[in-house]
Every structure is written in C-alpha cells, then in structure tokens.
Amino acid sequence: MGKVVIIGAGLAGLTCAKVLKQGGWQDLLLLEKSDGPGGRVCTDRVEGFRLDRGFQVLFTAYPGVQRHLNLSALNLRRYRPGAVLVKGGRLFLLGDPLRDPASGIPSLLNPLASWQDKLRILQLRAQLARRSSEQVFRQGLGGEDTSIRQFLQRYGFSAAICEHFLYPFYRGILLDPDLDSSACLFAFYFKMMAEGPVVTPALGMGEIARQLAGHLLPEQVRYQTTVEQILVQGGKVRGIRTRAGEEIAAEWVICATDALQARAWQQTLLKQVSVPIPTQGRAVTCLYFSAPFSLTRGGYIHLNANGRGWINNWVELTQVSPQLAPAGQHLYSVVVLGDPPLAEEELVQACRQELQVVFPKAPLQQLQLVRMYRIPFAQFVQPPGFQAHLPTAFSGIQGLLWAGEYTHQSSIEGSLRSGEQAAEWVLKSRGA
Ligand SMILES: Cc1cc2nc3c(=O)[nH]c(=O)nc-3n(C[C@H](O)[C@H](O)[C@H](O)COP(=O)(O)OP(=O)(O)OC[C@H]3O[C@@H](n4cnc5c(N)ncnc54)[C@H](O)[C@@H]3O)c2cc1C
C-alpha cells in the first residue's frame with residue numbers, strides 16, 4: 001500500500017481522507033494551503049461572533065451527508081421550513097404546513113401565492129418523492145433538461161409565485177441571478193428540502209469541516225502548505241512539490257483543490273483534455289450585521305420579493321442559533337448576488353436603506369457591519385445538462401485523481417460525493 005497525498009482540505013479532500021482511513025489506508029497525507037480545514041465551508045471568529053465565509057446551509061437529506069456526517073454530534077439548529085416574502089415593506093409568511101403546522105394558516109392566506117400554486121407545490125413534492133435522489137439529480141422529472149426559469153413556467157407556476165418566492169429562493173441557493181441553471185438542480189434541492197430539515201451547526205458551518213478533520217491523526221494533515229507542482233514521470237504520478245521546495249513521493253495524488261487550481265494542473269499535465277474541469281464561477285457577497293435588538297421571530301429566511309434592490313435574501317441568524325453572537329447581540333446575514341460595483345460603505349448603506357423600508361420604526365443606524373465577504377468563486381456554473389460534461393475522478397494520468405465538487409455538483413453534497421468517489425477508486429486498486 002503506497003502513500004496517498006491529498007491536496008486541499010475542503011470538504012472533498014476531508015471526505016476522501018475519511019473514506020480512505022475507514023477503508024484501512026493509513027499512509028496518507030493531506031496538504032492544505034490555508035491555516036485550517038473546510039475550504040469554502042469555514043467559520044471565522046470575529047469580535048465574539050461566528051461568521052461563515054458566506055451564508056450557507058446544510059440540507060440534511062443530502063445522501064452524502066447521511067453517509068459521512070455524524071449529524072447528532074453537530075448540535076444542529078433548524079431553519080423554519082419555507083420563507084418570509086418581503087414585498088413593499090410588508091412581510092408574508094409562506095411556510096410548509098406539512099412540516100410546520102404553526103405556519104399553516106398564514107401560509108394558506110398568503111396573497112402572494114394562489115391556491116393553484118400551493119397545490120402545484122404539493123403535486124411536485126409528490127412526484128419527486130416517487131423518484132430517488134440520484135434519479136432526480138440526473139434527470140429531474142424526466143425529459144430533456146432545461147433552465148430553472150423555463151421549467152417553472154412549463155410546470156404551470158404563476159408569474160406571481162415565481163417573482164415573489166421561487167425566483168429569489170433559488171437565486172439564493174444557486175447564486176444565479178438569471179436562473180439559467182439546470183432544472184434538475186431545482187428538482188434536487190426541492191426534494192432535499194421536502195425530505196429533511198435545513199440546518200446549521202450551532203457554532204457555524206465550519207463545524208462540519210472540523211468533524212471530518214477529526215478523523216485524521218495530527219501527522220496526517222499539514223496546514224499552511226501550498227502544493228506548487230504535481231510530479232509526473234513516464235505517464236505516472238510520482239509525488240508533489242510544495243512551494244517551500246519539499247518533494248513528497250506518493251503512489252497516488254488526489255487533487256481536491258478548487259476548480260481553478262485543478263484546471264491549471266489539468267492544462268499543464270495533460271496534452272489532450274477530453275473533459276475540461278469547469279472554471280466559470282458564480283460570485284456572491286455576504287454582509288454580516290449586528291444589532292442590540294431583534295427584528296424577526298422564528299428563524300425564517302427572508303426573501304426580497306420586490307423584484308429590485310441589492311438584497312436577495314437575509315436572515316436573523318441568532319434566531320436559528322443564539323451561539324453565533326455574544327450575549328445581548330443579534331446577528332444578521334444579508335446576501336447580495338454577484339460582486340456589486342459599490343464600495344463597502346455604499347453597499348452597507350444601501351442594505352440598511354432596504355431594511356429600513358421593512359422596519360420603518362427600527363433604529364437601523366445601530367445596525368453595525370461586522371464583516372463583509374466578497375466571494376468571487378462560490379459555485380461553478382451548472383447549465384442544463386451539465387452533469388454529462390463534468391470530469392470523472394480519473395485524470396488520465398496513472399495515480400492522479402480529481403476530487404472536488406467539480407466532478408459532481410457545486411454543493412456540499414457534490415464535494416462529499418467527489419471525495420468519496422476518489423477514495424473508493426484508490427481502495428479498489430488495492431483489491432485489484
Ligand atoms: C458563499 C457560499 C455559499 C454556499 N452555499 C451552499 C449551501 O448553502 N449549500 C451547499 O450545499 N453548498 C453551498 N456552497 C457550495 C459549497 O460550499 C462548495 O460546493 C463546497 O464547499 C466545495 O468543496 P470542495 O472541497 O470541492 O472545494 P473547496 O472548499 O474550494 O476546497 C478546496 C481546498 O483546496 C485548497 N487548495 C487550493 N489550492 C491548493 C494548493 N495549491 N495547495 C494546497 N491546498 C490548496 C483550498 O485552500 C481549499 O481549502 C456555497 C459556497 C459558498 C462559497
């Protein structure tokens with residue numbers, strides 16, 4: 001059994017290491033350029049607050065999550081199912097009466113969604129329940145894949161429910177302002193939300209990475225170690241070289257970096273590339289505000305249903321997990337799609353003004369920015385049919401495997417699945 005070097009301690013690299021260890025492979029080394037595990041799923045501590053690097057949630061129904069995370073050890077806090085639609089300064093609850101009976105009456109009376117739309121939601125839910133997660137991810141409801149926008153129109157949802165609920169909700173999940181993404185993803189997320197709670201660990205999403213990293217021995221992981229080069233000789237991998245110049249020999253190298261780094265190596269190492277690693281990304285900006293007062297109740301995601309403005313969605317995080325802020329403080333996460341061409345203070349003011357319309361009497365000048373994250377590459381672009389155009393784990397070079405969301409889906413599920421697949425490839429080789 002030779003050495004395995006895994007590059008990148010995002011969720012893909014961490015899952016890969018976990019599956020290898022559980023398969024009895026001890027000689028492995030995980031190298032990560034930053035100072036901790038998690039990659040994009042990381043929680044920073046700032047002035048007593050716990051801030052995820054961009055607003056993220058965990059869908060507990062993800063099949064990979066069920067296989068690889070010990071959910072009960074994560075001290076999970078649930079978001080309330082559904083959302084609050086914010087329109088013209090008013091709040092309209094659209095909950096899920098099947099899972100949250102308390103939201104039933106206001107949701108049924110919500111004037112922004114017709115009875116026909118509410119029945120269509122139930123019909124779609126029943127149709128998706130009859131298909132496996134894998135089927136839905138690959139084929140949606142069947143037939144040729146289209147964009148989310150087209151799918152929603154063809155399915156018969158009214159313009160009103162699209163504009164007020166479905167568009168802003170799915171823009172927030174896929175970070176895709178035009179909703180050109182694959183309708184299979186719409187169906188997949190819809191199914192995930194119908195089949196399990198949407199949660200965050202009480203201490204932030206970074207706890208997921210910490211749990212996975214806990215499977216490794218201290219000598220099996222090195223942080224602040226950037227891999228500069230993957231070494232290949234005679235069509236076979238022989239190890240890596242770090243930026244500090246150290247060479248580490250390995251029988252297997254698993255590249256679990258972000259897509260941009262992986263693609264750069266794919267271009268330099270392979271003469272012919274049949275399936276390029278996708279590098280077109282989606283950006284998002286997340287602002288965390290604190291205030292000494294609470295504005296909402298219940299831990300609902302709030303959606304901008306006005307069809308204009310900078311904010312797409314926001315949530316009072318401390319309604320979901322009070323442990324994310326110091327005592328007496330309330331934490332708000334505000335999501336703006338893309339990378340707006342505004343200076344930080346301009347964007348902060350613009351967000352305050354939009355919130356002030358909703359809460360005209362609240363002293364929102366006391367809403368303090370804790371930190372703003374501009375994330376240029378949060379997810380990769382996933383157009384209709386994208387599943388057929390992603391690379392597999394096998395790179396084409398003996399001993400070099402790809403593991404990163406980009407082999408499956410731009411999500412936590414995609415990263416867990418990709419890490420698992422690369423590890424299984426290595427474990428199978430031992431059997432062979
Ligand atoms: C703001 C935001 C919101 C999101 N929302 C959700 C959500 O709600 N639900 C969901 O399921 N998904 C969400 N996602 C997507 C999800 O976070 C990602 O799909 C997933 O974390 C990707 O994991 P990964 O391991 O493939 O890549 P990464 O997390 O990018 O990990 C790659 C790692 O490789 C390291 N690395 C890169 N180059 C080198 C090198 N040369 N040497 C050593 N190390 C290197 C990096 O430092 C990094 O740690 C969101 C992402 C963002 C950013």
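Me: What makes the pairing of an oxygen atom of the ligand with the side chain of Glu-32 a polar contact?

Reply: Keep in mind that this is a predicted model. In it, an N or O atom in the side chain of Glu-32 sits 2.6 Å from an oxygen atom of the ligand. A polar contact is a pair of N or O atoms within 3.5 Å, so a pair at 2.6 Å counts.

Me: What about the backbone of Leu-11 and Val-227: how far are their polar atoms from the ligand?

Reply: A polar backbone atom of Leu-11 is 3.1 Å from a ligand oxygen, and a polar backbone atom of Val-227 is 3.0 Å from a ligand nitrogen. Both values are within 3.5 Å, so these are polar contacts as well.

Me: How much of the ligand's accessible area does the protein cover?

Reply: On its own the ligand has 1,000 Å² of accessible area, and the protein covers 95% of that. The elements giving two or more residues to the shell around the ligand are α1 (11-22), α10 (259-269), β19 (368-380) and α13 (412-431). The shell counts 35 residues, and the ones that come nearest are Glu-32, Arg-40, Tyr-62, Glu-405 and Ile-412.

Me: Helix α13 came up there. Why is Glu-413 called buried?

Reply: Glu-413 is found in helix α13, and its relative accessible area is 1%. Buried means under 20%, so Glu-413 gets that label. Among residues more than four places away in sequence, Glu-413 touches Tyr-62, Pro-63, Gly-64, Val-65 and Phe-188. Glu-413 also belongs to a network of salt bridges with Glu-134, Arg-138 and Arg-417.

Me: How do you know that Ile-254 is buried or exposed?

Reply: Its relative accessible area is 0%. That is under the 20% cut-off, so Ile-254 is buried. Ile-254 lies in strand β14 (residues 252-255). Leaving out residues up to four places away in sequence, the residues it touches include Val-4, Val-5, Ile-6, Ile-7, Leu-401 and Ala-422. His-408 is 154 residues away from Ile-254 along the chain, and their C-alpha atoms are 16 Å apart.

Me: What makes Lys-3 and Asp-27 a salt bridge?

Reply: Their closest N and O atoms are 3.0 Å apart. A salt bridge needs a side-chain nitrogen of Lys or Arg within 4 Å of a carboxyl oxygen of Asp or Glu, so the pair of Lys-3 and Asp-27 passes. This pair links distant parts of the chain, with Lys-3 in the segment before β1 (4-7) and Asp-27 in the loop between α1 and β2 (28-31), 24 residues apart. The structure holds 17 salt bridges.

Me: Why are Lys-3 and Asp-27 called partly exposed?

Reply: Lys-3 has a relative accessible area of 24%, and Asp-27 has 34%. Partly exposed covers the range between the 20% and 50% cut-offs, so both residues land there.

Me: How do you know that Glu-246 and Arg-222 meet in a salt bridge?

Reply: The N to O distance between their side chains is 2.9 Å, which is within 4 Å, so the pair counts. Glu-246 sits in the loop between β12 (236-242) and β13 (247-249), while Arg-222 is in strand β10 (residues 221-222), and the two are 24 residues apart. Glu-246 is partly exposed at 34%, and Arg-222 is partly exposed at 30%.

Me: What makes helix α9 (residues 206-213) largely enclosed?

Reply: It is largely enclosed by the rest of the structure because 7 of its 8 residues are buried. Those buried residues are Gly-206, Glu-207, Ile-208, Ala-209, Gln-211, Leu-212 and Ala-213.

Me: Arg-210 and Glu-207 both lie in helix α9. Which of these is buried and which is exposed?

Reply: Glu-207 has a relative accessible area of 17%, under 20%, so it is buried. Arg-210 has 56%, over 50%, so it is exposed. The two side chains meet in a salt bridge at 3.2 Å, N to O. They are 3 residues apart, about one turn of the helix.

Me: Last one: why is Leu-122 called partly exposed?

Reply: Its relative accessibility is 42%, between 20% and 50%, so the label fits. Leu-122 is found in helix α4 (residues 115-129). Together with Leu-98 and Leu-119, Leu-122 forms a nonpolar patch on the surface with about 310 Å² of accessible area.

Notes
Residues numbered from 1 in each chain as written. Predicted model: local features only at pLDDT ≥ 70, side-chain atom pairs only at ≥ 80, totals over all residues. Heavy atoms only, no water. Patch = residues over 30% accessible without salt bridge, like charges linked within 9 Å, V, L, I, M, F, W, Y side chains within 5 Å. Areas by Shrake-Rupley, 256 points an atom, 1.4 Å probe, with all protein chains shown as cover. Helix = DSSP H or I, 4+ residues; strand = E, 2+ residues; numbered from the N terminus. Buried < 20%, exposed > 50% of the residue type's maximum accessible area, 1.4 Å probe, protein only. Contact = heavy atoms within 4.5 Å. Near = heavy atom within 4 Å. Polar contact = N/O pair within 3.5 Å; in protein donor to acceptor, adjacent residues only side chain to side chain.
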